[in-house]
Amino acid sequence: MSENKNELGRKLGLSAVIALGVGTTVGSGIFSSLSEVANAAGSSLFLVLAFIIGGLLQIPANFVYSELASAYPEDGGQYVYFREAGSRPLAFLCGWISFWATDPPSISIMALAIVNYLAFFIPIQVFVLIFMGVHIRSVEGGGKFQTIITALKILPFALVIGIGLFNLQGDILLSSAPLEGYATSGIAALIAGIAATTWSYDGMGAACYMSGEINMPLGLILTAVVVLALYAGLTFVASGILSIDEMATSDAPIALLASKLPGIGHYAGTIVAIMAIIVVIGSLSSCIMFQPRIEYAMAKDNLFFKSFAKVHPKYETPYFSIIVQCAVAIVLIFASDLSALLGYFTMVALLKNVLTFATIFVLRKKGKEHGYNPSYKCPGGPIMPLIAIIMTSTLIWGELTYAPMQSLICALVAVVTGLPVFYYWDRKNKRESA
């Protein structure tokens, strides 16, 4: 047990890091992203290559997060990296946006996703309350639960991949026939496909929010390997059972894939429904586990409401932060058109990621004399951070193209509301310390 009741102990190991990363990354998006990537890539061959290359290009981001997390083994993730890079206003805005714009709504979206399957029997807010209790009660118990639910999440995918490998059709396997109406050949089609996989890999750095409670670098790299292997296997099997036009035009490509597998074809709808439930439950649990840590870290620095820094004297978890975030999420469950609301905040979240990757250059320049002494150094010098920045910047360009007004409005609202609050708390802290 930790001696300081205001601090969170390092109780989680390698399996918890992988469970958090995989549990957050492999979410409901994979059930639709297969068709989106097929549309963009235009051929089965490019579909598989897009997921493989897309996954490989996400590894640099995990290398960057590993170095930053090893330098600052404390809870808070991106907030901590901005703070240590010398930008307290950006650090505050990072946490401010996370609390009001991205974290509770993401919990609500996942809870709402379960409604199509289980809400007839169980009210959807009950799931939020159950996982809130699990992660307040024990960080170790929460970590074990997350490991179990993530393993259950992978098993149905492994079943589809395993059976599919013995039923591939050679005449369509990795077919390079282009889909009419899209980039028909060459590097343009492949790049389009790679870009379309980005959201499927989002979430692998989730464990960085809990760096003070977890041993990080190896877990982040293994997370990337597990997710890459899972997606590569799934798309390879899909390319050998479904034609490119079937994947591109299907609203439920994984259900269509399962329906064509012997032994489980007649039960495809049920199997995919179970897969969806387990996948979303796993993501919901992981978000409730790691997301409240950023407000906890801010409150410790007197840049958020002090109660958010409370650590339960018996369970040693940031119970107040968890409770409030879940309460906000439950309120948002009853809001209308929540998905459209989240669209306004995509740009800010992407900018936050780009700036986070850029902090590594500032921190490296500061060096050991200013406290930057990571136990792990990401390979390749500046190459890895640059790749991570370029990958995320392509998403920013895409978001500006898709929803320019929403993006600009949200960025303006975040700054206009966040900076006055930051300077209020900052002045208050200076007066109290004077």
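This is a short talk on aromatic contacts, one helix and its packing, and two serines in a predicted model.

I'll start with the aromatics. The structure holds 16 aromatic pairs. One of them is formed by F304 and W425, with ring centres 6.0 Å apart and an angle of 35° between the planes, so it counts as tilted rather than stacked, the cut-off for stacking being under 30 degrees. In sequence the two partners are 121 residues apart. F304 is in the loop between α13, residues 293-300, and α14, residues 319-333. W425 belongs to helix α18, residues 404-433, and the pair therefore links distant parts of the chain. Are these two residues buried or exposed? Both F304 and W425 are buried.

The pair is also part of a wider group. F304 and W425 join F92, W96, F99, F305, F308, F320, F422, Y423 and Y424 in one aromatic cluster. One member of that cluster, F320, also has a charge over its ring: the charged end of K310 sits there, 5.7 Å from the ring centre.

Next, helix α9, residues 217-241. How far should its 25 residues span, at 1.5 Å a residue? The expected figure is 36 Å, and the end C-alpha atoms of α9 are 37 Å apart, which agrees. As for its surroundings, 18 of the 25 residues of α9 are buried, so this helix is largely enclosed by the rest of the structure.

One neighbour of α9 is helix α3, residues 44-71. Two packed helices are described by the angle between their axes and the distance between the axes. For α3 and α9, the angle is about 170° and the axes are 9 Å apart. Because angles over 145 degrees count as roughly antiparallel, α3 is placed in that class relative to α9. Which residue classes make up the contact of α3 with α9? There are 16 nonpolar and seven polar residues, and no charged ones.

Last, the two serines. S285 is in helix α12, residues 268-290. Its relative accessible area is 0%, so S285 is buried. S285 and G23 are 262 residues apart in sequence, yet their C-alpha atoms are 8.3 Å apart in space.

S259 lies in helix α11, residues 253-259. With a relative accessible area of 35%, S259 is partly exposed. From S259 to I271 is 12 residues in sequence and 9.5 Å in space, C-alpha to C-alpha.

That is the end of the talk.

Notes:
Residues numbered from 1 in each chain as written. Predicted model: local features only at pLDDT ≥ 70, side-chain atom pairs only at ≥ 80, totals over all residues. Heavy atoms only, no water. Phe/Tyr/Trp six-rings, centres within 6.5 Å; stacked < 30°, edge-to-face > 60°. Helix = DSSP H or I, 4+ residues; strand = E, 2+ residues; numbered from the N terminus. Buried < 20%, exposed > 50% of the residue type's maximum accessible area, 1.4 Å probe, protein only. Lys NZ or Arg CZ within 6 Å of the ring centre and 35° of its normal. Expected span 1.5 Å × (residues − 1). Axes fitted to C-alpha atoms, helices over the stretch in contact; angles between N-to-C directions. Parallel < 35°, antiparallel > 145°, perpendicular 65-115°, else oblique. Nonpolar A, V, L, I, M, F, W, Y, C, P; charged D, E, K, R; others polar.
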